[in-house]
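I opened this notebook to record what I looked up on domains, core and ligand shell. The entries follow the order of my inspection.

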Amino acid sequence: MILDAKIPDGPLAEKWDNHRFNVKLVNPANKRKYEIIIVGSGLAGASAAATLAELGYNVKVFCFQDSARRAHSIAAQGGINAAKNYQNDGDSVHRLFYDTIKGGDYRSREANVYRLAQVSVNIIDQCVAQGVPFAREYGGLLANRSFGGAQVSRTFYARGQTGQQLLLGAYSALNRQIAYGKVQLFPRTEMLDVVLVDGKARGIVTRHLVTGHIESHSAHAVVLATGGYGNVFYLSTNAMGSNTTAIWRAYKKGAFFGNPCFTQIHPTCIPVSGEYQSKLTLMSESLRNDGRVWVPKAKGDKRAPQEIPEAERDYFLERKYPSFGNLVPRDVASRNAKQACDEGRGVGTTGLAVYLDFADAIKRDGLNRVSEKYGNLFEMYEKITGENPYESPMRIYPAVHYTMGGLWVDYNLMTTIPGLYAAGEANFSDHGANRLGASALMQGLADGYFVLPYTIGDYLAQMPTAKVTTDHPAFKEAETNVRATVQKMLSINGTKTVDEFHKELGHIMWNYCGMSRNAEGLTYAKGKIQELKKEFWSNVKLIGVNEEMNQTIEKAGRVADFIELGELMVTDALNRNESCGGHFREEYQTPENEALRDDANFAYVAAWEFTGPNSEAALHKEELTFENVKLTQRSYK
Ligand SMILES: Cc1cc2nc3c(=O)[nH]c(=O)nc-3n(C[C@H](O)[C@H](O)[C@H](O)COP(=O)(O)OP(=O)(O)OC[C@H]3O[C@@H](n4cnc5c(N)ncnc54)[C@H](O)[C@@H]3O)c2cc1C
């Protein structure tokens, strides 16, 4: 199969406008004859559902939480980017485009990224109109702060709760459509398979998480907006329920998986404190606006931070990257923190932490000002660590945070299965090998509010309105398979819990496919994951039955998928013999330990095709062409 990204012709800045003019439209009276399934009620899913319903389509929304507004998007703290240039500091659509392409280490598609920058300005207007309480300046204008990888201030925020406020906006819009009867919401319902009829996505099979009831739903198109898969590492900043099941099952039905190994490790998280921890907490990147990152200059210096004089501190990001300082992109900040700890200069009892210090900001701006900006984050830090960050620097360490990989999609956000779309973090995204901070919310809302409503219409306009019913044999077959898998897991009755398997997988992934990787470690990891998969299917222990609320069933299905995905991630990382963004192969680095790309051989999106349960995935390449930016060694010095 030849991958066709369907990038429209014409100059970069005109592609989206031209495309919107050229797409086919569905007559308003016909829209009500079409049904669309949207799996996921986070920012991507909720915005798409509300907008498509507003247009007149009938929409069914599914989520596994008890309320649509508990989607993981609610956790986003720091902000959302937009090229509004309210600060008059030199921002523009082109600059946001350029920063994103460069930040992603030249591994994303130019046309998509430009469109993202273009529609970013509409997102803010849309959200303000919905009543999202963005922070404002004294005079009433919307305020901005800075995020990594940019020298302009373009991040809109609502204190440290931006995701929650944006989701409340999208959720209100969604509820409006529920009240009109245009959206039907299915909470506590997990999608376990996608159903294809005549090669097109025509529905899904779900399991109700309270009753265990397995059923089918049909539609004319299906959107997966099911979030990221960072929990493949067991410990991450993601919500405990975030998983890969929806996109993994779609992959097994023929949707290609794009750049699975591109993972973002966020530099400012509360360090791991023990073996029994199941969750990591993010300290928002916004803190790097004012916090200064440092470690002692001397190895093994165990003095309290206040006792270490200025001259004996190493503000390593400011020293190495004077232009961007503490606001270098996440991959760069994370690698440097790891390097300092590997050199024996880490702090805290484990030595796996660096300081994020607000003493200078408090001296400069006063405690009240710092508290106004970051109060809830400081409170969260104190609750978790028992230390007061106003008095002593925070201890932070990198942690898994976001997955740039996901289902491969074309310019229309359609996967390689006709009629199956992927949006938000679930698609392989516009962020290349490293996402810049505050860009995920922007992308999820761009996909949902502004892209899908056009591109799905184009697809539907070309298909008959006739419905496929769930009596179709394809639905019956998918339901039978889902039931059989659940029963098989229940019947194994082994000795190891699902969590034990998950933790073991997480250790393998973090140690060999985490912040830095090498061929030897990846090869070893692949063997270990294959062994783990075999053991899972012969020794996992679930309890209870299907016909009840049974979290061991939920978790087992997700962990089984994580294990398989882990193997694909390792395969992808092994294949990519270069370093780029968050994918750091130790064999490929500059003399200054920066990521060393190989543009001649690897300027492509790796799109993997499932070829069967026991055979190697097949690699397809979408070659990336750069006509508007010059590929250079990324420098933030
Ligand atoms: C702690 C934290 C802070 C962050 N802060 C920021 C920030 O400040 N700015 C920024 O830009 N980005 C931030 N991010 C990233 C950003 O929050 C996410 O990338 C984004 O919210 C993902 O949105 P989404 O709609 O794609 O998916 P999600 O919000 O994860 O929603 C997924 C939805 O899919 C549903 N679902 C999943 N699987 C199934 C299934 N099988 N069946 C049924 N339903 C399913 C879930 O129920 C949920 O409704 C942060 C991430 C974390 C972890």
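I took two residues to be in contact if their C-beta atoms, placed from the backbone, lie within 7 Å. I worked from a predicted model, in which local features need pLDDT of at least 70 and side-chain atom pairs count only at pLDDT 80 or more, while totals for chains, interfaces and linings use all residues. Residues are numbered from 1 along each chain as its sequence is written.

Domains. I read domain 1 (12-262 + 404-460), domain 2 (267-398) and domain 3 (475-598) from the domain assignment, which is automatic or from a database. I found 19 residues of domain 1 in contact with 21 residues of domain 2. By class, I noted five nonpolar, twelve polar and two charged residues on the domain 1 side. Here Ala, Val, Leu, Ile, Met, Phe, Trp, Tyr, Cys and Pro count as nonpolar, Asp, Glu, Lys and Arg as charged, and the others, Gly among them, as polar. The centres of domain 1 and domain 2, taken over C-alpha atoms, are separated by 32 Å.

Contacts of one residue. I looked up Leu224 and found that it touches Val39, Gly40, Ala246, Ile247, Ala250, Leu407, Ala422 and Ala426, leaving out residues up to four places away in sequence.

Ligand shell. I listed 45 residues around the ligand (C-beta atom, placed from the backbone, within 6 Å of it). Gly40, Gly42, Ser73, Gly227 and Gly424 come nearest. I sorted the shell into 19 nonpolar, 24 polar and two charged residues.
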